Amino acid sequence: MTVAPMLHVLLPGREKLASAPSFAAWVARGTALPAAVPGYLGALSEHFRWPEGPLPVAALIRQSVVGDAEGALWLCADPAWIQAELNGARLLACGNLALDGNDAKALVDALAETFDAEGMQLHIGDAAHWQVRLPSYAEVPAFPEPEDALGADFFTQLPQGDAGRRWRALLNEAQVVLHNHPVNRHRTRQGLPPVNSVWLWGAGTLPAWVETGLNRVYSDDLVAWSLAHRANVDVQARSQFARLDSANAACEMLDLQDIQPDAFERTWWPAIEARLLAGADIRLAFADGQRVSLHRRHRLRFWRKA
């Protein structure tokens with residue numbers, strides 16, 4: 001018996017896509033699956049396996065982009081924007097700040113002395129992802145993932161107590177360096193948010209292995225690319241989704257976790273629906289943890305309304 005191809009689609013929260021009527025109708029007729037851990041990394045962890053422990057994002061990205069992660073402890077220090085408020089500050093962006101390579105290098109060069117003083121080396125993976133190489137003896141507290149910290153009070157997200165004192169001081173020094181940097185003055189004149197901090201997260205060493213049941217991944221996110229590289233599976237920009245032959249890819253993943261509703265309705269849902277009507281099984285993973293299975297026979301469930 002021929003097994004139907006499987007397409008896993010990572011999406012924003014379900015309510016964000018409710019304005020796409022055809023999609024909403026299919027979801028209403030689909031089969032609800034058990035809810036899962038909310039968030040992007042939670043969705044990825046359903047498809048990738050690695051040795052026990054939290055996902056070592058920094059080491060995976062470093063190995064994927066530069067290839068020198070082996071034998072070291074790494075920590076993400078992604079460029080971030082925090083906005084001061086009356087009673088604190090709020091993390092408004094992390095990583096995705098439209099930095100070019102030259103500006104990223106200028107900022108990292110300016111921060112080098114601050115990190116060197118703590119026995120750490122700050123490096124650029126790409127303009128949106130920076131990594132710190134830590135001394136082997138470093139004790140790294142738990143830092144929230146960016147998607148959990150965004151929109152929250154910056155200081156409440158930092159490690160507290162004696163264990164966090166060193167890291168809070170490091171971030172404070174980094175913010176002082178970045179505050180009046182020429183790159184940020186230029187960004188302000190252009191109407192862009194400043195890169196006035198870094199966000200620390202994703203610590204760990206390069207895992208000895210990463211496994212997956214996927215045959216191909218479509219994503220524009222470096223974390224997904226890094227996992228796919230380590231698992232030695234085909235990974236493509238998501239713009240290639242409608243262009244590549246899926247006949248030999250029995251199990252694929254399409255990463256649309258940051259897609260905007262109009263682009264989803266106009267471009268992505270028609271391409272996914274075409275796969276669905278051609279007989280593929282579609283598994284939807286919403287960022288809020290909801291999971292839904294779709295099959296073309298579900299179109300006959302006409303009594304289920306969105």
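**Exercise 1. Cysteines**

Find how far the sulfur of Cys76 is from the closest cysteine sulfur, and decide what this distance says about a bond.

*Solution.* Start with the distance: the closest cysteine sulfur to that of Cys76 belongs to Cys94, and it is 8.4 Å away. Next, compare this with the cut-off: a disulfide needs two cysteine sulfur atoms within 2.5 Å. The sulfur atoms of Cys76 and Cys94 are therefore too far apart for a bond. Then widen the view: searching the whole structure, which is a predicted model, turns up 0 disulfides. As a reminder, a disulfide is a covalent bond that joins the sulfur atoms of two cysteines.

Now try the surroundings: is Cys76 buried or exposed? Residues under 20% relative accessible area count as buried. Cys76 has 1%, so Cys76 is buried. Cys251, at 15% relative accessibility, counts as buried too.

**Exercise 2. Trp26 and its helix**

Locate Trp26, then work out which residues are in contact with Trp26 beyond its neighbours within four places in sequence.

*Solution.* First, place the residue: Trp26 sits in helix H1, which covers residues 21-29. Second, check its exposure: with a relative accessible area of 8%, Trp26 is buried. Third, list the partners outside that sequence window: Trp269, Glu273, Leu276, Leu277, Leu294, His295, Arg296, His298 and Arg299. For a sense of scale, the C-alpha atom of Trp26 is 43 Å from that of Gln190, a residue 164 places away along the chain.

**Exercise 3. How H1 meets H9**

Describe the packing of H1 and helix H9.

*Solution.* Two packed helices are described by the angle between their axes and by the distance between those axes. Here the angle is about 40° and the axes of H1 and H9 (residues 261-277) lie 10 Å apart. H1 and H9 are therefore oblique to each other, and their crossing is left-handed. Next, name the residues: H1 brings Pro21, Ser22, Phe23 and Trp26, while H9 brings Phe264, Glu265, Trp269, Glu273, Leu276 and Leu277. Finally, sort the residues of this contact by type: 7 are nonpolar, 1 is polar and 2 are charged.

**Exercise 4. Helix H3**

Which residues of helix H3 are buried, and against which elements do they pack?

*Solution.* Begin with the residues: within H3 (57-65), the buried ones are Val57, Ala58, Ala59, Leu60, Ile61 and Arg62. Then look at their partners: these buried residues pack against helices H2 (40-45) and H8 (222-231), and against strands E4 (73-85), E6 (121-126), E7 (129-134) and E8 (197-204). Last, follow the chain onward: after H3 comes Gly67, with a positive phi near 90°.

Note on methods:
Residues numbered from 1 in each chain as written. Predicted model: local features only at pLDDT ≥ 70, side-chain atom pairs only at ≥ 80, totals over all residues. Heavy atoms only, no water. Buried < 20%, exposed > 50% of the residue type's maximum accessible area, 1.4 Å probe, protein only. Helix = DSSP H or I, 4+ residues; strand = E, 2+ residues; numbered from the N terminus. Contact = heavy atoms within 4.5 Å. Axes fitted to C-alpha atoms, helices over the stretch in contact; angles between N-to-C directions. Parallel < 35°, antiparallel > 145°, perpendicular 65-115°, else oblique. Left-handed = near helix turned anticlockwise from the far one by under 90°. Nonpolar A, V, L, I, M, F, W, Y, C, P; charged D, E, K, R; others polar.
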